[in-house]
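Here is a short report on one protein chain. Keep the structure in view as you read.

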Amino acid sequence: MEKSRIINDGLRETAAQFPIYSQDDKRGDAVAWLKLIITGTPATYYILEAAQAGEYEGRENWELYGVCNMGGAFRYGYFCLGELEALAMYGGMVHVERVEDFTPCALSAIPEVVADLTEIWER
């Protein structure tokens with residue numbers, strides 16, 4: 001089985017610190033430790049939690065939880081990293097990439113996330 005392109009050895013240690021459900025009810029204090037984008041689209045994912053989840057098409061798979069902007073507002077949800085990594089449209093011009101220079105931070109430190117999620121956090 002091939003390793004994930006996104007979750008490298010260094011990120012495995014980080015992922016282990018943020019298992020699924022570990023940041024429940026933290027709202028703006030939840031730590032986004034990984035940022036993914038879908039090239040050529042407005043899709044941006046801020047990952048809060050992760051768990052290794054078997055394999056997807058012969059590659060290691062991860063269940064991810066975080067917030068995603070698909071071109072409108074940010075929403076919480078679960079994502080299958082295997083499906084994201086398998087994405088290759090328009091000759092590979094549209095694919096998932098890890099933002100290498102992203103520094104882990106609280107969601108409340110990400111202005112575009114705060115603008116959309118503050119109302120949810122206040123409930």
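A residue counts as buried when its relative accessible area is under 20%, and as exposed when that area is over 50%. Cys68, with a relative accessible area of 6%, is therefore buried.

**Confidence**

This is a predicted model. The mean pLDDT of the protein is 90. Of its residues, 98% reach 70 or more. Among the elements, strand E1 (residues 31-32) has the highest mean pLDDT, 98. Helix H3 (residues 111-121) has the lowest, 82. Where pLDDT is low, predicted coordinates should not be read in detail.

**The cores**

The largest nonpolar core holds 21 residues. Which of them touch the most other members? They are Trp33, Leu36 and Tyr45. Several elements each supply at least two residues of this core: helix H1 (9-17), strand E2 (34-38), strand E3 (44-56), strand E4 (59-69) and helix H2 (81-86). Another core, of 14 residues, lies apart from it. Ile20, Ala32, Leu48 and Phe74 are among the members of that other core.

Look at Trp33 next. Leaving aside neighbours within four places in sequence, Trp33 is in contact with Ile7, Leu11, Thr14, Ala15 and Phe18, among others. The contacts of Trp33 also include Ile47, Leu48, Glu49, Ala50, Phe102 and Pro104.

**Helix H1**

Asn8 caps the N-terminal end of H1. A side-chain oxygen of Asn8 lies 3.2 Å from the backbone nitrogen of Gly10.

Three residues in H1 are buried: Leu11, Arg12 and Ala15. They lie on the same side of H1, because they cover an arc of only 110° around the axis. An α-helix has 3.6 residues a turn, so residues three or four places apart point the same way. What covers the buried residues of H1 includes E2, E3, E4 and strand E6 (96-98). The face turned away from the buried side carries the exposed residues Glu13, Ala16 and Gln17.

**The loop between H1 and E1**

Gln23 is found in the loop between H1 and E1. Asp25 is found there, and Arg27 lies there too. Are they buried or exposed? The table gives the values.

| Residue | Relative accessible area | State |
|---|---|---|
| Gln23 | 5% | buried |
| Asp25 | 66% | exposed |
| Arg27 | 37% | partly exposed |

What does Gln23 touch? Not counting residues up to four places away in sequence, Gln23 touches Phe18, Asp29, Ala30, Val31, Leu48 and Glu49.

Now check the backbone in this loop. Phi of Asp25 is near 65°. Phi of Arg27 is near 50°. Each is a positive value in a residue other than glycine.

**Cysteines**

A disulfide is a covalent bond between the sulfur atoms of two cysteines. How many disulfides does the model have? The count comes to zero. Why does Cys68 form none? The closest cysteine sulfur to that of Cys68 is in Cys80, 14 Å away, and this is too far for a bond. For Cys105, the closest cysteine sulfur is in Cys68. The separation there is 16 Å, again too far for a bond. The cut-off used is 2.5 Å between the two sulfur atoms.

How values were computed
Residues are numbered from 1 along each chain as its sequence is written. This is a predicted model: local features need pLDDT of at least 70, side-chain atom pairs count only at pLDDT 80 or more; totals for chains, interfaces and linings use all residues. Side-chain values use heavy atoms; hydrogens and water are left out. A nonpolar core is a set of buried Ala, Val, Leu, Ile, Met, Phe, Trp, Tyr and Cys residues joined through side-chain atoms within 4.5 Å. Buried means under 20% relative accessible area, exposed over 50%, partly exposed in between (1.4 Å probe, protein chains only). Helices (H or I, at least four residues) and strands (E, at least two) are DSSP runs, numbered from the N terminus. Contact means heavy atoms within 4.5 Å. pLDDT is the predictor's confidence in each residue, from 0 to 100. The arc is that of the directions from the helix axis to the C-beta atoms. A polar contact is a pair of N or O atoms within 3.5 Å; within protein, one must be able to donate a hydrogen and the other to accept it, and residues adjacent in sequence count only if both atoms are side-chain atoms.
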